[in-house]
Amino acid sequence: MFDIAIAGGGATGLTVALALRRLSGGALRVGLFDPHKGQPRGGFRASALAPGPRRMLEHLGAWSKLESLASPILTMQISDSRLEDCVRSTSLQFGAEPAAGGPLAHLVFHRDLEAQLAACAAASGVEIFSQRIVAYSDQNHAALVETDAGETIQARLVIAADGAGSLVRKSAGIDVLKWPYGRKAIVATIAHERDHLGCATQHFLPGGPFALLPLRGRRSSLVWTEPTDVAQRLLSSPKDEFLQEMERRAGFQLGAFAVEEGPASFDLAFQLARTFVAPRLALVGDAAHRVHPLAGQGLNLGFRDAGWLADLIMDQARLGLDVGSPDLLSNYQTARRFDSAFNAASFDLMHRLFALDVAPVRLMRDAGLAAVDRLDGVKRFFQREASGVSPGSPRLFSA
Ligand SMILES: Cc1cc2nc3c(=O)[nH]c(=O)nc-3n(C[C@H](O)[C@H](O)[C@H](O)COP(=O)(O)OP(=O)(O)OC[C@H]3O[C@@H](n4cnc5c(N)ncnc54)[C@H](O)[C@@H]3O)c2cc1C
C-alpha cells in the first residue's frame, strides 16, 4: 500500500511528490503515475515563477540546476492601449518586492522545470510509473485507484494532479464551474534585435493581453491572446504577415522579430472544481483550477496547493496520524479553495474589464492603473500577494 498515490507528473504533481519524500526523510511511500513518464511535455511554453514557489524549489533541492536555465524578470511594465496607438505608454510598473529577496519572478521553460523536478523526484525515491489512472474509489480505510494497465493500487491518500481534464476528478464525481473565454493564447519563443534588460511587458489590447517575457539573451517568450477566429487566422497566415502583426502589437521597442520556436496555441477557459476534496482525495493544480493566464499565476497557484498539502500531510505524518483523514482534507479545502476561487475570479474580472473598448471604461481603468502605480502601499500589497511571500503562504515558501 502507498501512503500517497499521485495521478499526474506535470510540475504540480512532481513537486508535491518530491516535497513529501524530502520532508518525510523517505518515510512516506509515494507513487506517481503519468503515461508520459520521463518525457517532459511542457515544450517551449514558459511560466513565470514567483519568489515563494522559487524558494520552495530551493528547499527541495530542485532550484540549483534550474537557476542557470531560468531568466530573472527584473521589472514589469503594463500598458493599456489601442492597436492603432503609435506609442504604448506604461500605465503601471512593478519592480522586485524587497521582502522576496530576489527578482520579481523567474521565467522557466516547462521542459526544463519538469525534467529537473522528475530527476529530483526519482532521486528522492518517488516510485514513478508510466500508467494512466482511470478510476478512483474510496474504501474507508484506503482509496483504490485503477490504472490503464489493469492494476489496482491502494493508498491512504490520492492526489489528483492530472490537469484540467482530470479523469480522477471526474471519477470522484466532482463537478466543475466552467466557461470558455472564446480566446486562444498564441505562444512562441521570439528572438529580437534589441535587449529587453530583464523587463517583461504586457499590453492590454482590445483583442486580449499581449505579453513578452524575458528569456536569456535577446529572446522573449510570447503569450499573445486573441479571439479564437483572429488567432486561427494569424496562425495560418504567411510568416511575414504573422511577424508584422506581432511587431505592430509589441510597439517596436525591441526592434525586428524572428520566431525561434512555435507558434503553438492554447484554448483559454475558466474552470473551478466545486470542491477540492473527496474521501481520501485532494485535487491540486489545474485539476482544481484553471485561470486566465493574464497574471501568470496558474502554476503559482498549483505550487501553493502543493506547498499547503505537503505541510498538512507532514503535520499528520509526524504525529503518526492518518495522512488521508477527513480533518486533513477539510483543512486543505479551507486553505486552498477560497484563495483559488478569489484569484480565478479576479483574473476573470480583469479579462472582462480590459476586453471592453469603450471610452468611459478605458478612462476609469487607466485612472485605476495610474492610482495603483502611485499608491506605494497598494502596489506593494498586490506585489506581496502575487509573489507568494505574504503571511498565510505554505511553510516551504519562507526564506
Ligand atoms: C499560455 C499559457 C501561459 C501560462 N503562463 C503561466 C505563467 O507565466 N505562470 C504560471 O504560474 N502559470 C502559467 N500558466 C498556467 C500553467 O501552465 C498551468 O497552470 C500548469 O502548467 C498546470 O500544471 P499541472 O501540473 O497542474 O497540470 P499539467 O501541466 O496539465 O500536468 C498534468 C499531467 O497529468 C498527466 N495526466 C493526465 N491525465 C492523467 C491520468 N488520468 N493519470 C495520470 N496522469 C495523467 C499529464 O500527462 C500531465 O503530465 C500558463 C498557461 C497557459 C495556457
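Here a colleague asks a modeller about the helices and the sheet of this predicted model.

Colleague: Let's start with the helices. What makes α1 roughly parallel to α4?

Modeller: Helix α1 (residues 11-23) and helix α4 (residues 110-124) pack at an angle of about 30°. Angles under 35 degrees count as roughly parallel, so α1 is called roughly parallel to α4. Their axes lie 9 Å apart, and the crossing is left-handed.

Colleague: Which residues of α1 and α4 make the contact?

Modeller: From α1, they are Ala-11, Leu-14, Thr-15, Ala-17, Leu-18, Arg-21 and Arg-22. From α4, they are His-110, Leu-113, Glu-114, Leu-117, Ala-118, Cys-120, Ala-121 and Ser-124. Nine residues of this contact are nonpolar, three are polar and three are charged.

Colleague: Now the sheet. Why are β3 and β4 called edge strands?

Modeller: The open sheet has three strands in the order β3-β7-β4, with antiparallel pairing. Strands β3 (46-49) and β4 (71-73) each pair on one side only, so they are the edge strands. From one strand to the next, the twist averages 30°.

Colleague: How do you know that β3 pairs with β7?

Modeller: Pairing takes at least two bridges, and four bridges join β3 to β7 (residues 105-109), so these two strands count as paired. They run antiparallel, and Ser-47 stands opposite Val-108 in β7.

Colleague: Where does α4 touch the sheet?

Modeller: Helix α4 packs on the sheet, touching β3 and β7. The direction of α4 makes about 85° with that of β7. Angles of 65 to 115 degrees count as roughly perpendicular, so α4 is roughly perpendicular to β7.

Key: Residues are numbered from 1 along each chain as its sequence is written. This is a predicted model: local features need pLDDT of at least 70, side-chain atom pairs count only at pLDDT 80 or more; totals for chains, interfaces and linings use all residues. Axes are lines fitted to C-alpha atoms, for helices over the stretch in contact, and angles run from 0 to 180 degrees between N-to-C directions. Angles under 35 degrees count as roughly parallel, over 145 as roughly antiparallel, 65 to 115 as roughly perpendicular and the rest as oblique. A crossing is left-handed if the near helix is turned anticlockwise from the far one by less than a right angle, and right-handed if clockwise. Two residues are in contact if their C-beta atoms, placed from the backbone, lie within 7 Å. Ala, Val, Leu, Ile, Met, Phe, Trp, Tyr, Cys and Pro count as nonpolar, Asp, Glu, Lys and Arg as charged, and the others, Gly among them, as polar.
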